[in-house]
Amino acid sequence: MTLTGCMTVHGERENIPSVDKAEAPKALQRFADGYNKAYRELDPSLASKVETGPLAAISTADLKAQHANSPGGNPKFFALKLSDAHYSIPRQVGWPKFFVADTDSNRDDNRWLFVFTRAGADQPWKAAYLSILSQDEVPDLAKDKEGWAKAVQVKGPTPKLATRPDKLSAQYTDYLMTGKGKIFADGQATSGLRDSRKKFMRTPKFWTEYIDTPAQGAAYAPVGLRTQDGGALVFFASHHRQKQTMAKGFRPNPDAQIKALMTGEAKKAVTLTRVAESAVRVPAKDAADSQVVFLNRLEGVTAARGE
């Protein structure tokens with residue numbers, strides 16, 4: 001029996017929708033407004049107000065580099081406009097919570113999928129992942145009887161999936177380093193990336209070393225939604241370093257973007273640090289084809305060091 005007509009629902013204890021249906025469009029618009037302002041003023045601190053995780057790491061480094069080369073900003077920046085948004089909102093217990101916005105944009109004919117997260121009720125929604133998929137690449141997501149999306153358990157045993165979402169980053173970076181394993185299907189982000197790297201490992205002018213490491217920390221945590229075929233759409237991040245050492249008689253010549261991020265002096269070698277954010281389709285454990293398929297992979301340089 002209550003003394004008033006009000007009732008408080010605790011998001012840390014109750015299995016409730018991660019966001020109110022009326023709040024989700026506001027979060028998307030807040031992101032677009034903040035993103036456009038950040039790129040007009042070329043101010044990384046503005047991006048960090050509406051972004052987090054891998055997307056923030058890529059954007060803030062990009063803005064830092066652009067600001068160094070154009071300290072007056074970019075008042076002619078072509079504003080990003082997002083429309084025709086469809087929201088996939090799962091029921092969740094505890095924090096952090098997330099939802100996915102599947103949108104159209106004024107940039108191309110693809111669908112832009114944003115993962116929004118927040119760590120608590122007093123925190124703002126921020127975009128953590130962006131994936132750009134063609135119309136037919138967007139998976140059909142599973143819904144419950146009330147139309148809510150179904151979140152994937154990313155930690156611990158996930159018996160209904162071909163692999164655990166919280167292992168994807170380590171499995172992917174191990175594959176890139178060794179070429180071993182059959183978890184991932186061939187494609188541009190897997191076998192294609194390894195093939196392209198081989199071309200630059202040793203040339204007459206330089207040789208290249210690669211180090212790939214899994215993403216760590218809550219800000220880079222993977223998230224996933226169940227698909228109608230029993231699998232899942234999973235978003236995850238990874239870290240990549242590339243050291244290019246010049247042969248005798250040659251000197252590195254990084255572009256303006258890299259120079260703006262560089263510490264040290266590039267006399268003989270340049271090491272680039274990159275963050276990648278990926279969207280993959282993870283099959284059900286009993287699927288005829290159990291390999292993970294990359295739907296999209298976005299990568300950006302976040303740091304550079306000259307030697």
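1. Let's start with β5 and β6: these two strands run antiparallel and are joined by seven bridges. Within this pairing, Trp112 stands opposite Ile132 in β6. Please keep in mind as you look around that this is a predicted model.

2. On its other pairing, β5 meets β4, again in the antiparallel sense and over seven bridges. A hairpin of five residues makes the connection from β4 to β5. If you want a landmark here, find Phe99, which stands opposite Phe116 in β5.

3. How many residues of β5 are buried? Eight of the eight are, so the strand is largely enclosed by the rest of the structure. Arg111, Leu113, Val115 and Thr117 point one way from β5, while Trp112, Phe114, Phe116 and Arg118 point the other way. Both sets are buried, the arginines included.

4. Now step back to the whole sheet. It is open, has four strands in the order β2-β4-β5-β6, and pairs them antiparallel. β2 (82-88) and β6 (126-133) are the edge strands; each has a single partner, so one side of each is left without a neighbour in the sheet. From one strand to the next, the twist averages 25 degrees. The partner of β2 is β4 (residues 97-105), with five bridges between them in the antiparallel sense. One place to see this is Tyr87, whose bridge partner in β4 is Ala101.

5. What lies across this sheet? Helix α1 (residues 23-41) lies across β2, β4, β5 (111-118) and β6. Its direction is at about 135 degrees to β2.

6. Aromatic rings deserve a look of their own. The whole structure holds 18 aromatic pairs. For Trp112 and Phe114, the ring centres are 6.4 Å apart and the planes are at 45 degrees, so the pair is tilted. Trp112 and Phe114 are both buried. Ring pairs also link a cluster made up of Phe31, Tyr35, Tyr39, Phe77, Tyr87, Phe99, Trp112, Phe114, Phe116 and Trp125.

7. Another tilted pair is formed by Phe184 and Phe294, at 5.8 Å centre to centre and with 45 degrees between the planes. This pair links distant parts of the chain: Phe184 is in the loop between α4 and α5, Phe294 is in strand β12 (residues 293-306), and 110 residues lie from one to the other. Are these two rings buried or exposed? Phe184 has 5% relative accessibility and therefore counts as buried. Phe294, at 17%, counts as buried because the cut-off is under 20%.

8. The loop that holds Phe184 has another residue to visit. Ala189 is found there, between α4 (168-178) and α5 (191-198). With 12% relative accessibility, Ala189 counts as buried. Leaving aside residues up to four places away in sequence, Ala189 touches Tyr172, Leu176, Phe294 and Arg297. The C-alpha atoms of Ala189 and Val293 are separated by 9.3 Å, although the two residues are 104 apart along the chain.

9. Two lysines sit over tryptophan rings. The charged end of Lys21 is over the ring of Trp148, 4.8 Å from its centre. Lys97 lies over the face of Trp95, at 4.9 Å from the ring centre.

10. Finally, a word on confidence. The protein chain averages a pLDDT of 94, and 96% of the residues score at least 70. Over residues 1-11, pLDDT stays under 50, and the model has eight contacts beyond four places in sequence for this stretch. Where pLDDT is low, the predicted coordinates should not be read in detail.

Definitions and conventions:
Residues are numbered from 1 along each chain as its sequence is written. This is a predicted model: local features need pLDDT of at least 70, side-chain atom pairs count only at pLDDT 80 or more; totals for chains, interfaces and linings use all residues. Side-chain values use heavy atoms; hydrogens and water are left out. pLDDT is the predictor's confidence in each residue, from 0 to 100. Contact means heavy atoms within 4.5 Å. Buried means under 20% relative accessible area, exposed over 50%, partly exposed in between (1.4 Å probe, protein chains only). Two strands pair if DSSP finds at least two bridges between them. Axes are lines fitted to C-alpha atoms, for helices over the stretch in contact, and angles run from 0 to 180 degrees between N-to-C directions. Rings of Phe, Tyr and Trp (its six-membered ring) pair if their centres lie within 6.5 Å; planes under 30 degrees apart count as stacked, over 60 as edge-to-face and the rest as tilted. A charge sits over a ring if NZ of Lys or CZ of Arg is within 6 Å of the ring centre and within 35 degrees of the ring normal.
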